[in-house]
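Here is a set of exercises to work through with the model open beside you. Try each task before you read its solution.

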Amino acid sequence: MATKRRTTILVVLGLAAAILVAIWKPTVLIYGVQQAGLYAAIAIPMGLVLGIVHIVNLAHGEFMMIAAYATYFACRATGMDPLIAVLPAAAVTAAFGWVVYKLTIRRALKAPELNQLILTFGLGIMFSQLVNLFFTSQTRKISLDYVSASVTIGETSFGVWQFVFVAVAAAMAYGLKLFLTRTTLGKAALAVGQNPKGAAIVGIDVDRTYGIVFAIAAALVGGMGALFLTRSAIFPAVGSPFTMKSFSLVAMAGIGNIPGILGSAILLGIAESLLRAFRATRGWADIVFFVLIIAVILGRTLKWRKS
Amino acid sequence: MNRNLLRALAFAAGALAVSLPAFAGAYPLQVARNVIMYMALALTWDMLLRSGQISFGIAGLFGLGAYATALGVLRAGMGDWLSLAFAPVFAGAAALLIGFLILRLRAMYFSIVTLALAEIFRIVIHNLHDFTGGPEGVVLDGVMLGGSAAALYWLTLGGLAVALGASWWFEKSKFHFALTAIRNNETAARSSGVDIFRWLLATFVITSAIQGLLGGIYVQSYGFATPDSVFDANFTLLPLAIALLGGIHSTIGPVFGAILLGLSSEWLKLRLPYGHLVVYGVIIVVVILFMPQGLYGLARKGLRRAEGRAE
Amino acid sequence: MKKGFAILAIALLVIGTLAMTGCEKKPVGTIKIGGIWPLGDITGRQGSMAAQLAIEEINAAGGVMVDGGKKLLELVVVDDELKADKAAAAVEKLVTVDGVEVLVGGMASGAELGKIPAFKKYGLPVVSTGAASYTVENALGGDASWYFHLHPWDYNQGASYAEGWAAIQEKFPDIKIEKLFLAYEEGAFGKASWDATKVLFGGGGYVIDGAPFKSAALGGGDYASVLEAAKKFGPDLFLWAGYDADALPMLEQAKAMKFNPGVYLGAPPGWPADFGKSKLAENVMLYGMWAPSMNDTNVASKKFYDGFVAKFKEEPATYFAPLSYSAIYIVAEAISAAKTTEKAALISALAATSYDSPLGETISFSKSNVIPYQGIRRQKILQWQNGRQEVIWPFEAATESPVHPFPAW
């Protein structure tokens, strides 16, 4: 009861702060939310893997990078739009993720967690360096008209294309929630995530479930790769900073809390955007990300200790 | 018999390491310095890992120590040796402060907070332009010991000796029982009277101080510090990979791991100028998949099997 | 069983890599030049390739003349992986194992700083193709008389832009620049550009402002706040100092925000593949050292370009290719002039260099703020026109006139 009230107070306070910011500096809110959408849409698949397979996938960003490269070359060869490629990219990356799972990760599941971490670190190096070897580090981008779509309200004009990432992140969070609570496969996955041994006892094929969850996460991040190409230039190292950002967001939300990733991303996105809006604080915008993560994690542990 | 043999081997390896400048050229010495630097970092990381705590903050404390030395020389006018001594003191003090805050965290949450702290250190140094030189960094008035290849090698070896000594001490002293107890079962450890927080704090401060010292040595042997070079994520990730490939929870494992990764990366680079990092990634993947206990684990298994056959 | 696999796999790896490089040929009686670049990066990759091209051209023409007669050149390349410690090891290897007599190369300032202690130890002639940061110069010190720095220092670049814009405004009176905004990436490169811009443009009757952004190359890529600050300032000239990954996304975001400066100018080290094909690229201006369009007016540039494309079947993407190519020619000419590779004689021959480079200027060395031998000081001002980078300034190398103002979208 008490925690519920506290959560309500926090949400109300947060909303009030957001409204104040929106009135005072509307663009801060717009850009913050847009950036948050991108962060969250990339972090959610990582949160899924971490919550169920219990692996910190340090090659997470590289999966996105590979999907983006595949999309880029497919689009350049056929002249199609990256948006059309989102679903095929997701399908191909899912297959790729499944193969990677079967060939490598599955074999390290019995080993200590750290082995899995370093395994994915090695995979990440392999993927990015292979792409670097074949396509060099020169950046690539498909030039698109619609990404400059613009809305003008009064004096301010701003881009609206990036709201697509917010929609995608929300759809991912909601879709995964439905999947995990409504479908047999999803319920099995959730059970495996909570207690793999118990799940095995009741007859769930743990290995198959892990493989499918890993493939789903790869599909989501692969689709994001195609979508990412609309906004950003790609190069072999483009994915790795997002791995760290995603990991931070997932940790901030707490393991297994997928909607929480979206919430954390919005908090961080707006905070960053707020600091960037002022001359004196501009250089410090990066720090807010890490300070907030530490504050949230420490705050949560303190709360646990009290209760 | 076996123990005596190991002791003799360790002594021989130590003697070889110390006398290396007598017969090795400048290039092998430089490569050895790079290998030793990562070896020492991997050892310190492993020492904390023996309690079950996985730190992602090595680069942060390494960078703090590096800047403590560089700014100690440039802003406080310290001598070279004093600035080297200042690095572990500064990094250790920082670790003491943050240790109070974060050592109650466990598992992934501890890892991510150490990672975030490392980033915070980097951003602060990046932004305090006037004091730290900002993103362009600072340049010392040359390197220590007149830049002599042998002397700088011994300096780095000294850093390793500190790490090795601490690691051995950890293995032989009460630290070993305390940290192993905490790793295996924290509740049981607490009920048998282990003051978990104090042991963790001591370990965290000691390992951080050594990481800071290594940062100081790095700065003194290259003569500069920039945020991008001393807070490089590789200073966090490579020691992890090294310790794991060599075999964790031991002193000898990281030593093996650093030699394997360090030498193979240098050798591959000369063989395959373009694309050697692909093979580097493959090596990490293959070793993890086929030697989950690392080189040391494999060697131990092999030894045991050989002994079994002999009997 | 598992162990067997592991040993087999590692053995295969070793054999594989050995087999790939097993048949090395070591020419006898050659002069060895050591090259250090970041081979995993497009700049260093193509820089080392261009250097190899120059070596082959020189050898095909009979090599260099020294006292003992004609000798061929040999380039030994080592990757610095953009790391200071690896770069230091590369110097040691080239000097003590391969016995090179001259060193060339360099790109990132951070790696160059790592090489300097080893450079100082040996005092061999170095012809450097990279490192723009003034910290490198400070680390070298005033008595580094063996260091020949081709790339302009950060403050040289800033000064040349101030000079260039003054000249352009004088020649084309419809171009008026009073307010200048710099969006700079927050790392060393951008920060140095900002410092230089403040000093060099601050005095000349310009009003300047700037804001940092996090480059997409380093995990950033959100330009909204910096563009908003720029739009509010309303500059005649908008300059961004970042990396190639920022080029198109920033332009797209500027269009979305309806930000239309009179001059939209970028200063990345290289541009993305096919940037010129984007509609938005038209009339974007840029700072650079070289562009393929210079082939029309410069013989050396055309020779370099044709040779590079013929040998490697790809376009030189950044100026590090012609710069590294030039470095080899400068070394070869100095050896021929000195008739020896003896240190002191070679250094004085290098100091007397006068080389008609593919970069559109004759390279010679003179004192900079700290070091005695600085080569190129001027960058060029160029403009994307019909998918090509055309040189606008310096006028003696110009291939087109500027189009102004930057068209509204």
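**Exercise 1. Take stock of chain C.**

Task: Find what percentage of the contacts in chain C between residues at least 6 apart in sequence join residues at least 24 apart.

Solution. Start with the rule: two residues are in contact if their C-beta atoms, placed from the backbone, lie within 7 Å. Among contacts in chain C between residues at least 6 apart in sequence, 69% join residues at least 24 apart.

Before going on, a word on what you are looking at. This is a predicted model, in which local features need pLDDT of at least 70 and side-chain atom pairs count only at pLDDT 80 or more, while totals for chains, interfaces and linings use all residues. Residues are numbered from 1 along each chain as its sequence is written, and chains are lettered from A and ligands numbered from 1 in the order in which they are written.

Next, count the elements. Helices (H or I, at least four residues) and strands (E, at least two) are DSSP runs, numbered from the N terminus. Chain C has twelve helices and 15 strands. Its radius of gyration is 22 Å, close to the 22 Å that the globule rule gives for 409 residues, so chain C is as compact as a globular protein of that length. That radius is taken over C-alpha atoms, and the globule rule is 2.2 Å times the number of residues to the power 0.38.

Last, look at burial. A residue is buried if 20 or more other C-beta atoms lie within 10 Å of its own, exposed if 12 or fewer, and partly exposed in between, with C-beta atoms placed from the backbone. In chain C, 60% of the 409 residues count as buried.

**Exercise 2. Trace the open sheet.**

Task: In what order do the seven strands of the open sheet in chain C lie, and which strands stand at the edges?

Solution. Two strands pair if DSSP finds at least two bridges between them. Following the pairs gives the order 8-7-9-10-11-14-15 in chain C, with mixed pairing. Strand 8 (207-213) and strand 15 (388-393) of chain C stand at the edges with a single partner strand each, so one side of each has no neighbour in the sheet. Neighbouring strands of this sheet are turned by 25° against each other on average, direction ignored; here axes are lines fitted to C-alpha atoms, for helices over the stretch in contact, and angles run from 0 to 180 degrees between N-to-C directions.

Now zoom in on one edge. Strand 7 (residues 179-185) and strand 8 of chain C pair in the parallel sense over seven bridges, and Phe181(C) stands opposite Asp209(C) in strand 8. Helix 8 (residues 224-233) of chain C lies across strand 7, strand 8 and strand 9 (237-241), at about 175° to strand 7.

**Exercise 3. Follow strand 14.**

Task: How many residues of strand 14 (residues 380-385) of chain C are buried, and which residues point each way?

Solution. Six of its six residues are buried. Lys380(C), Leu382(C) and Trp384(C) point one way, while Ile381(C), Gln383(C) and Gln385(C) point the other way.

Then check the neighbours. Strand 11 (residues 285-288) of chain C runs antiparallel to strand 14, joined by four bridges, and Gly288(C) stands opposite Lys380(C). Strand 15 of chain C also pairs with strand 14 in the antiparallel sense, over five bridges, with Trp384(C) opposite Gln389(C). Strands 14 and 15 of chain C form a hairpin with two residues between them, and Asn386(C) in the turn has a positive phi of about 50°.

**Exercise 4. Spot unusual backbone angles.**

Task: Is Leu82(C) buried or exposed?

Solution. Find Leu82(C) in the loop between strand 3 and helix 3 of chain C. Its phi is positive, about 65°, although Leu82(C) is not a glycine. Leu82(C) is buried, with 21 other C-beta atoms within 10 Å. Compare Asp274(C), with phi near 65°: 16 C-beta neighbours inside 10 Å make Asp274(C) partly exposed.

**Exercise 5. Examine a chain contact.**

Task: Which helix of chain C gives the most residues to the side that touches chain B?

Solution. Begin with the totals: 39 residues of chain C are in contact with 33 residues of chain B. Helix 1 of chain C gives the most, with ten residues.
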